[in-house]
Amino acid sequence: MTVEHIDISPEMIEKYGITDFDAAEYLDSDELIALYLSETLKTGNDEEFIQALNTIARAKGMNELAKKAGIGRESLYQTLSSSKPRFETVRKILAALNIELVPTVKAA
């Protein structure tokens, strides 16, 4: 199956009210956030996991999350834009989101 590329003109964007999709707008509960991170861990790579954390941070509010994590706002921004963030900082962010990583055995 092939997907056809369609160019969307600025006129079409205005006429139909097309906007960019932002997952952060839909992450409005702790359950959805946990599910989003869980699925990203299962199916994504490290970069996608950090991007998911970035999306969640935007949904929760960067300043609020940085305060809860006990890190500076700039440190949060740096962590979420890094390709290799420190695990310690990622754990602080997860703790601030009230999320724990629980290892399980993969199904064969």
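How do α4 and α5 lie relative to each other, roughly parallel or roughly perpendicular? Let's keep that one in mind while I set things up.

What you have in front of you is a predicted model, where local features need pLDDT of at least 70 and side-chain atom pairs count only at pLDDT 80 or more, while totals for chains, interfaces and linings use all residues. Residues are numbered from 1 along each chain as its sequence is written, and side-chain values use heavy atoms, with hydrogens and water left out.

Okay, back to the two helices. When I say helix, I mean a DSSP run of H or I with at least four residues, numbered from the N terminus; strands would be E runs of at least two. Helix α4 covers residues 62-69 and helix α5 covers residues 73-81. Their axes come within 9 Å and cross at roughly 100°. Those axes are lines fitted to C-alpha atoms, for helices over the stretch in contact, and the angles run from 0 to 180 degrees between N-to-C directions. Under 35 degrees counts as roughly parallel, over 145 as roughly antiparallel, 65 to 115 as roughly perpendicular, and the rest as oblique. So α4 and α5 are roughly perpendicular to each other.

Which residues meet there? On the α4 side we have Met62, Asn63, Leu65 and Ala66, and on the α5 side Arg73, Leu76, Tyr77 and Leu80. Contact here means heavy atoms within 4.5 Å.

Let's stay on α4 for a moment and talk charges. A salt bridge is a side-chain nitrogen of Lys or Arg within 4 Å of a carboxyl oxygen of Asp or Glu. Searching the whole structure turns up 6 salt bridges. One of them joins lysine 68 and glutamate 64, at 3.3 Å from N to O. Both residues sit in helix α4, 4 residues apart, or about one turn of the helix. How accessible are they? The words I'll use are buried for under 20% relative accessible area, exposed for over 50%, and partly exposed in between, with a 1.4 Å probe and protein chains only. Lysine 68 has 55%, so we call it exposed, whereas glutamate 64 is partly exposed at 42%.

You'll find a similar arrangement in helix α6, residues 87-96. Lysine 92 and glutamate 88 form a salt bridge there, with their closest N and O atoms 3.9 Å apart. They are separated by about one helical turn because they are 4 residues apart in that helix. Lysine 92 is partly exposed at 34%, and glutamate 88 is partly exposed at 40%. Arg86 comes into the picture too: Arg86, Glu88 and Lys92 are linked in a network of salt bridges.

What else does lysine 92 touch, leaving aside neighbours within four places in sequence? That would be Ala69 and Ile71. If you want a feel for distances, try lysine 92 and isoleucine 6: they are 86 residues apart in sequence and 42 Å apart in space, C-alpha to C-alpha.

Now for a salt bridge that links distant parts of the chain. Aspartate 30 pairs with lysine 60, and the closest N and O atoms are 3.2 Å apart. Aspartate 30 is in helix α2 and lysine 60 is in helix α3, with their positions 30 residues apart in the chain. Aspartate 30 is partly exposed at 42%, and lysine 60 is partly exposed at 32%.

While we're in α3, residues 46-60, have a look at threonine 55. Is threonine 55 buried or exposed? Its relative accessible area is 4%, so it counts as buried. Beyond its neighbours within four places in sequence, threonine 55 is in contact with Ala23, Ala24, Leu27 and Tyr36.

Over in helix α2 there's leucine 35, which is exposed at 54%. Its C-alpha atom is 22 Å from that of leucine 76, 41 residues apart along the chain.

Last stop, the end of the tour: asparagine 98, in the segment after α6. Its phi is near 60°, a positive value in a residue other than glycine. With 69% relative accessibility, asparagine 98 counts as exposed.
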